[in-house]
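Reader: I would like to go through the backbone geometry, the internal space and the cysteines of this model, one question at a time.

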Amino acid sequence: MKELLKKYENKTPEIVFNWKDSETEAEGWVVINSLRGGAAGGGTRMREGLDMNEVLSLAKTMEIKFTVSGPPIGGAKSGINFNPKDPRKKGVLERWYAAVSPLLKSYYGTGGDLNVDETHEVIPITEESGVWHPQEGVFNGHFKPTEADKINRIGQLRQGVIKVIENPQYSPDVSKKYTVADMITGFGVAEAVKQYYTIYGGDIKDKRAVIQGFGNVGAAAAFYLSQMGVKIVGIIDIVGGLINEEGFTFEEITKLFLAKKGNTLVSEDLIPFEEINEKIWTLKTQIFAPCAASRLVTIHQIDEMIDSGLEVISCGANVPFADKEIFFGPIMEHTDFRVSLIPDFISNCGMARVFAYFMERRVQMTDEAIFNDTSNRIKQALEKVYNKNKSKHGLSATAFEIALSQLI
């Protein structure tokens, strides 16, 4: 696996597009790792301090993710080095998408990512640049549909991603009009834990969980895990956190979900960050869902959780461990050796899978069909890992081996 990984990491990306904004200090990159299957896909992120290497590592991560989620295309990513809170953001995005629109019409598909919203920014701004849909390049490059078929499938994709969830089983409050895009990634993170216990043995009910990050992904993962009977005993967010050693009730978790401001945890009982960061890692817990930013989780935090009974980690963040390496660094390897570690390209593949699902010919548009499709895809991926490695350790190494053997 390590030889395959080294080969994959060192392979030069096929296309690197560099852009410098004419009106601000913004700089952007599209990195297309390969045009496997005639196309490549990956979202657009914006943050101050972002560089080309970050975009490259994410493009390579996307290519691995597509081996699970489908379609069988190359990985790509867009990144813009700019402060997303700057009032000039909209103009930057308009000029960026105008510059990359030829790629988006030919062979590259994009979407929302960190600090860039799919529904309110990516779709309307790419439309202004003459792109039918941010995924148009994947249709043209990979599926090569007839014009009529393309119109049908793009219509399906447009409706599906922003579909308002009507089934209360999948929404914390149907009156608040949460969409599939709001909930599906966190759903996948929770579902990966459920499927893990089904396949490897054990009852998920009454397991204790710690959630890191309470944005879209972490809050949704907490909601679905709590719904499954998991006791959420700790939540840590950038502003602070909460601990309840008995476990928050499903109603309390739902209330916290509905109270969050944007991507931030809100509660009168918030414990300051420094204090909770000392306490949370020693809580008795079996499930850990890192759903905050990439490269935060330290080896010390992992070892403290393992000493407190940790059984399984389901990654909501891409590369959650504080390793320098693109993928399988020493902290991740150490963790994978000691507990069941479900890698990000399986557990957080929900959004990529939703795109793939709606790109198919005439699919069901019900909440049940969409969410079950993501659940089944995660289940299939974990079953492949189990069939190759029945041990509860080395899940990530095995999953990488399965993925990389398809790419190299």
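**Cavity, backbone and cysteines**

Author: In this predicted model, the residues that line the largest cavity divide by class into six nonpolar, no polar and one charged.

Reader: Which residue in the lining of the largest cavity is the charged one?

Author: The lining consists of Val 319, Phe 327, Met 332, Pro 343, Asp 344, Phe 345 and Phe 400. Val, Phe, Met and Pro count as nonpolar, whereas Asp counts as charged. The one charged residue of the lining is therefore Asp 344.

Reader: What is the volume of the largest cavity?

Author: Rolling a probe the size of a water molecule over the atoms shows where empty space is left. The count of cavities of 30 Å³ or more comes to one. The largest cavity has a volume of about 50 Å³.

Reader: Where is the proline that follows a cis peptide bond from Gly 70?

Author: The bond from Gly 70 to Pro 71 is cis, and its omega is near -15 degrees. As for its place in the chain, Pro 71 belongs to the loop between α2 (52–69) and β5 (74–81).

Reader: Is Arg 295, with its positive phi, buried, partly exposed or exposed?

Author: Although Arg 295 is not a glycine, its phi is positive, at about 60 degrees, and the residue sits in the loop between β10 (287–290) and α11 (299–307). Its relative accessible area is 28%. Because partly exposed covers the range between 20% and 50%, Arg 295 is partly exposed.

Reader: And is Arg 362 buried or exposed?

Author: Arg 362 also has a positive phi in a residue other than glycine, here near 40 degrees, and is placed in the loop between α14 (350–359) and α15 (367–388). Since exposed means over 50% relative accessible area and the value for this residue is 69%, Arg 362 is exposed.

Reader: How many disulfides are there?

Author: A disulfide requires two cysteine sulfur atoms within 2.5 Å. By this rule the count is zero. Cys 315 is in no disulfide, and the nearest cysteine sulfur, that of Cys 291, is 8.6 Å away, so the total remains at zero disulfides.

Reader: Why is Cys 349 without a bond to the closest cysteine sulfur, and how far away is that sulfur?

Author: Cys 349 is buried, with a relative accessible area of 0%, and Cys 315 is likewise buried, at 1%. The closest cysteine sulfur to that of Cys 349 belongs to Cys 315, and it is too far for a bond because the distance is 13 Å.

Methods
Residues are numbered from 1 along each chain as its sequence is written. This is a predicted model: local features need pLDDT of at least 70, side-chain atom pairs count only at pLDDT 80 or more; totals for chains, interfaces and linings use all residues. Side-chain values use heavy atoms; hydrogens and water are left out. Helices (H or I, at least four residues) and strands (E, at least two) are DSSP runs, numbered from the N terminus. Buried means under 20% relative accessible area, exposed over 50%, partly exposed in between (1.4 Å probe, protein chains only). On a 1 Å grid over the protein atoms alone, a cavity is a set of points where a 1.4 Å probe fits but cannot get out, and a pocket is an open set with protein on both sides within 12 Å along at least five of seven lines; lining residues have an atom within 4 Å of a point. Grid points are joined across faces, edges and corners, and a volume is the space filled by probe spheres set on the points.
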